[in-house]
Amino acid sequence: MSAVRPYDLDLLRKSFEVAKKARDGGDHPFGSVLGDETGALLMEQGNGYSAEGGDRTAHAERLLASRAAKAYPLEKLAKMTLYTSAEPCAMCAGAIYWAGIGRVVFGQTEKGLKEQTGDHEENPTLDLPCQIVFAAGQRPTEVVGPLLEEEAAQLQADFWASKA
């Protein structure tokens with residue numbers, strides 16, 4: 001695993017807070033934040049499934065990557081980190097790559113998330129590590145995680161069973 005920076009756990013926990021806000025607002029419990037190379041918080045984004053009218057592609061990471069790509073030049077994005085409560089799925093990893101964000105720090109693994117959500121129609125989780133998607137690219141994307149995985153998994157506790 002790549003080196004953990006002094007501010008990584010704080011910003012990862014901030015993504016957990018964003019996920020809690022999304023859940024409290026009636027959405028899926030996922031959150032992401034964007035930080036620069038000094039650890040300054042630049043953007044935050046909760047899951048947008050409900051807020052975007054049932055859009056199954058409105059994952060927090062994809063929405064944040066799209067916003068970041070519009071707001072910052074590629075040379076700055078390459079030095080930024082996207083922190084996210086759960087490992088980016090293949091779609092989100094692709095969006096992060098195309099946006100040009102150079103680093104990802106995540107809490108819960110896709111494998112762990114899949115075990116929690118089962119085959120729920122609103123979240124048919126892929127068991128595909130994001131490193132595989134990033135490795136297929138032409139520019140590097142550093143991945144750090146899982147970190148604080150049990151804490152991250154608590155965000156999902158009982159949520160998917162309550163939607164059954």
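A nonpolar core is a set of buried Ala, Val, Leu, Ile, Met, Phe, Trp, Tyr and Cys residues joined through side-chain atoms within 4.5 Å. In this predicted model, the largest such core has 19 residues. Leu 34, Ile 96, Ile 101 and Phe 134 have the most contacts inside it. Four elements each give two or more residues to this core: helix 2 (60-71), helix 4 (90-99), strand 4 (103-108) and helix 6 (130-135). Helix 4 gives the most, with five residues. A second core, separate from this one, holds 13 residues. Leu 11, Phe 16, Ala 19 and Val 105 are among them.

Helix 4 is mostly covered. Of its ten residues, seven are buried. These are Cys 92, Ala 93, Gly 94, Ala 95, Ile 96, Tyr 97 and Ala 99. The buried residues of the helix pack against several elements: helix 2, helix 3 (74-77), strand 3, strand 4 and helix 6. Just after helix 4, Gly 100 adopts a positive phi of about 100°.

Phe 134 touches three of the buried residues listed for helix 4, namely Ala 93, Ile 96 and Tyr 97. Beyond its neighbours within four places in sequence, Phe 134 is also in contact with Val 104, Arg 139, Thr 141 and Val 143.

The strands were examined next. Five of them form an open sheet with mixed pairing. Their order is 2-1-3-4-5. Strand 2 (41-46) and strand 5 (142-144) are the edge strands, and each pairs on one side only. From one strand to the next, the twist averages 15°. Strand 1 (residues 31-35) pairs with strand 3 in the antiparallel sense, over four bridges. Across this pairing, Val 33 stands opposite Tyr 83 in strand 3.

Strand 3 spans residues 81-86 and contains Ser 85. The relative accessible area of Ser 85 is 2%. Ser 85 therefore counts as buried, since the cut-off is under 20%. Its contacts were listed without neighbours within four places in sequence. They comprise Ser 15, Phe 16, Ala 19, Pro 29, Phe 30, Gly 31, Gly 107, Gln 108, Ala 152 and Leu 155. Phe 16 and Ala 19, both in contact with Ser 85, belong to the second core. Gly 31 lies in strand 1, whereas Gly 107 and Gln 108 lie in strand 4. Ser 85 thus contacts residues of both strands that flank strand 3 in the sheet order.

How values were computed. Residues are numbered from 1 along each chain as its sequence is written. This is a predicted model: local features need pLDDT of at least 70, side-chain atom pairs count only at pLDDT 80 or more; totals for chains, interfaces and linings use all residues. Side-chain values use heavy atoms; hydrogens and water are left out. Buried means under 20% relative accessible area, exposed over 50%, partly exposed in between (1.4 Å probe, protein chains only). Contact means heavy atoms within 4.5 Å. Two strands pair if DSSP finds at least two bridges between them. Axes are lines fitted to C-alpha atoms, for helices over the stretch in contact, and angles run from 0 to 180 degrees between N-to-C directions.
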